[in-house]
Amino acid sequence: MKTPWSLRALTAALGGALLAGAAWAQQVTLRVRHFLPAQAIVPRLAIEPWAKKIEAESGGRIKVQIFPAMQMGGTPAQLFDQARDGVADVTWTVLGYTPGRFPKMEVFELPFITPNNDRAGEITSRAAWEFAQRFAADEFKDVKLIAVHTHGPGLLHTKQPVTGLESVRGMKIRGGTRIVNNMLTKLGATPVGMPVPQVTEALSKGVIDGTTIPWEVGPSVRVHEMVKNHTTFAGDKALYNMAFAFSMNKAKYESLPADLKKVIDDNSGAQTSAFFGQAMDQGDKSGREIATKAGNKITQLELAETQRWLRTASSVEDDWVKEVRAKGIDGAQLVSEARALLAKYAK
């Protein structure tokens, strides 16, 4: 018997409705949170392009909402846990904002270990991703890690010029992590720990005399307006560095259908980490240009003077190795592995 036309039409309509319902049910919204203004380098050149890319590759089934500058509450130090606990779906933050939480990844914060060149962010980020997978996976077991990366060479931005080791002594300098703060102490400065969004107010109120940040973040917190002196270092190693994580709630990731998981997987890992590092390298160039156009003074310490800073800060590594040994971690081995990876990706 032939199926009546009306029954066929009804069956087709019901099937279409079911398919539409299934497609609708697979729409996903990811809430991404971070601590910087939307116009800052990483939000603008890394997080937003990442969001647009996964929206496009998912055929629009993944939608991304980005909440900059802690708009949805909390502090920068809480961002990793916000991703872990599902308060946010994805977060970007500095690992060192939670002191001692990521002891293995702290190896990339040690003084004069990361490159001092215009590819430093990319090189160190590639090394940091491989290091995290091979040696520090346990530190990220509670999240779906999308990227781990670093900025470019860290430097000093101060109200008064820093022309040598003696001139930094006694200055109140903001440090972003406990390792950086220990380095500042060894150098004779008085470290003041705070997340980078607090730097502008701290400089304006005289709470600090200067700050340690890379060039790229300077414009977003108006450092070039607040200070007129910037100190860089000679040689092939940077004064310091800091590591960042771009993390996704594990339950949110596991709830995705297989094809959308693949979209996230395809936009996670070594290349994504390098992409974030490259954004920071690009930002270093523009940040330095802005300080130059503002008429600020940029001083590069000569190699001999830089070596004095290196020798003075070298005990930071010894302190760290001793400290993590008490936690059952072979810090000396991790330093060796990190240096090998940095050399590998510098080629």
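In the predicted model, A343 is partly exposed, with a relative accessibility of 43%. This residue belongs to helix α14. The C-alpha atoms of A343 and P68 are 35 Å apart in space, and the two residues are 275 apart in sequence.

Helix α14 (331-346) is also among the elements that cover the buried residues of α13, together with α6 (178-187) and α12 (303-313). Helix α13 spans residues 315-325, and V316, W320, V321 and V324 in this helix are buried. Viewed down the helix axis, the buried residues of α13 fall within an arc of 135°, so they line one face of the helix. An α-helix has 3.6 residues a turn, so residues three or four places apart point the same way. On the face of α13 turned away from the buried side are the exposed residues K322 and R325.

Salt bridges were searched for over the whole structure, and 24 were found. One of them pairs the side chains of R61 and D259, with an N to O distance of 2.5 Å. R61 lies in the loop between α2 (41-57) and β2 (62-67), whereas D259 lies in helix α10 (residues 258-266), so the bridge ties together parts that are 198 residues apart in sequence. The two partners were assigned to separate accessibility classes: R61 has a relative accessibility of 16% and counts as buried because this value is under 20%, while D259, at 40%, is partly exposed.

A further salt bridge joins K104 and D138, whose closest N and O atoms are 3.0 Å apart. This pair links distant parts of the chain, 34 residues apart, with K104 in the loop between β3 (90-94) and α4 (120-135) and D138 in the loop between α4 and β4 (143-150). K104 is buried, at 16% relative accessibility, and D138 is partly exposed, at 42%.

Within helix α4, the side chains of E122 and R126 form a salt bridge with an N to O distance of 3.3 Å. E122 and R126 are 4 residues apart in this helix and are therefore separated by about one helical turn. E122 is buried, with a relative accessible area of 13%, and R126 is buried as well, with 18%. Elsewhere, D81, R84, D85 and R101 are joined into one network by salt bridges that share partners.

Empty space in the model was examined next. Rolling a probe the size of a water molecule over the atoms shows where empty space is left. The largest pocket has a volume of about 310 Å³. Its lining consists of 16 residues, and N116, N117, P153, W215 and R288 are those that lie nearest the pocket centre. Two or more lining residues are given by β9 (229-233) and by α11 (270-293). Helix α11 contributes the most to this lining, with 4 residues. By class, the lining of the largest pocket comprises 6 nonpolar, 5 polar and 5 charged residues.

Cavities of 30 Å³ or more number 2 in the structure. The largest cavity has a volume of about 110 Å³. Of the 17 residues that line this cavity, V196, P214, V217, M242 and F244 lie nearest its centre. Strands β3 and β8 (210-213) each supply at least two residues of the lining. The lining of the largest cavity contains 13 nonpolar residues, with 2 polar and 2 charged.

The second largest cavity has a volume of about 50 Å³. The residues lining this cavity are H157, W215, G218, P219, V223, H224, H230, G287, I290 and A291. At least two of the lining residues come from each of α8 (223-226) and α11, and α11 supplies the largest share, 3 residues. The lining of the second largest cavity divides into 5 nonpolar and 5 polar residues, with no charged residue. W215 thus appears both in this lining and among the residues nearest the centre of the largest pocket. Helix α11 likewise gives residues to the lining of the largest pocket and to that of the second largest cavity.

Methods: Residues numbered from 1 in each chain as written. Predicted model: local features only at pLDDT ≥ 70, side-chain atom pairs only at ≥ 80, totals over all residues. Heavy atoms only, no water. Salt bridge = Lys/Arg side-chain N within 4 Å of Asp/Glu carboxyl O. Buried < 20%, exposed > 50% of the residue type's maximum accessible area, 1.4 Å probe, protein only. 1 Å grid on protein atoms, 1.4 Å probe; cavity = no way out; pocket = protein on both sides within 12 Å on 5 of 7 lines; lining within 4 Å. Points joined across faces, edges and corners; volume = space filled by probe spheres on them. Nonpolar A, V, L, I, M, F, W, Y, C, P; charged D, E, K, R; others polar. Arc of directions from axis to C-beta. Contact = heavy atoms within 4.5 Å.
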